[in-house]
Amino acid sequence: MSTGNEIERQDLEGPAEQQIFSALLTPHRSLNRTGFLAVMLFLSVVSFVTGIVFLMKGAWPVLCFFGLDVLVVWWAFKVNFRNARAREEITVTTSELRVRRISHRGQVAEWSFNPLWVRLDMEVDEDFGIEHLYLISRGHHIRIARFLGPDEKASFYKGLVEALNAAKRGPTYNPIS
């Protein structure tokens, strides 16, 4: 297609709607790849040295168990890093609230709501803070922001409520721009 055809197609679809709010939520991981390599190197060296000491004392099966321990820790970290690929995308425009959840396996689940009919609800624990956030609209009840801690959920809740209120006010006309 030529550039002219692309412009014509965009005109037929109408102007792109401006996003009021957009959030990409991912699980928190305190250890990056470099840290993972450092931990595995340290664990391997300590296990190998300790295993050699036991081997010299005649307890050779201990060396095998130390090697097995290193493999189990490596596998657990790999599972943890694979689960970190999950994410949740939440966007709010004047006419739509869209929640897109992508699992660590790449499976996509998507919900779309009219922001005029959406209600944001939360479960709060007195000691812990906000435990769960929910979007509720016309019989649908969706838990969101599962990856966030209590303080982050409070901040996210505030931002999403402001965005929903802006969407309910509707688009604003600015003749200057």
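Author: Buried means under 20% relative accessible area, exposed over 50%, and partly exposed in between (1.4 Å probe, protein chains only). The model is predicted: local features need pLDDT of at least 70, side-chain atom pairs count only at pLDDT 80 or more, and totals for chains, interfaces and linings use all residues. Residues are numbered from 1 along each chain as its sequence is written, and side-chain values use heavy atoms, with hydrogens and water left out.

Reader: How far apart are the end C-alpha atoms of helix α3?
Author: Helices (H or I, at least four residues) and strands (E, at least two) are DSSP runs numbered from the N terminus. The expected span of a helix is 1.5 Å times one less than its number of residues. For the 24 residues of α3 (residues 60–83) this gives 34 Å, which agrees with the distance in the model, 36 Å.

Reader: What arc do the buried residues of α4 cover around the axis?
Author: Helix α4 spans residues 150–169, and its buried residues are Lys153, Phe156, Leu160, Ala163, Leu164, Ala166 and Ala167. They lie on the same side of α4, because the arc, taken from the directions from the helix axis to the C-beta atoms, is only 155°.

Reader: Which exposed residues does the face of α4 turned away from its buried side carry?
Author: The buried residues of α4 pack, with contact meaning heavy atoms within 4.5 Å, against strands that include β1 (19–25), β2 (87–93) and β3 (97–102). The face turned away from that buried side carries Asp151, Ser155, Lys158 and Arg169.

Reader: Which residue meets Glu88 in a salt bridge?
Author: A salt bridge is a side-chain nitrogen of Lys or Arg within 4 Å of a carboxyl oxygen of Asp or Glu. Glu88 counts as buried at 1% relative accessibility. At 2.9 Å, N to O, its partner is Arg101.

Reader: How many residues apart in sequence are the parts that Glu89 and Arg100 tie together?
Author: Glu89 counts as partly exposed at 24% relative accessibility, and Arg100 also counts as partly exposed, at 29%. The closest N and O atoms of their salt bridge are 3.5 Å apart. Because Glu89 lies in strand β2 and Arg100 in strand β3, the separation of the parts in sequence is 11 residues.

Reader: What is the relative accessible area of Glu110?
Author: Glu110 forms a salt bridge with Arg98, the closest N and O atoms being 3.0 Å apart. Glu110 lies in strand β4 (residues 108–113) and Arg98 in strand β3, so the pair ties together parts that are 12 residues apart in sequence. Glu110 is partly exposed, with a relative accessible area of 42%.
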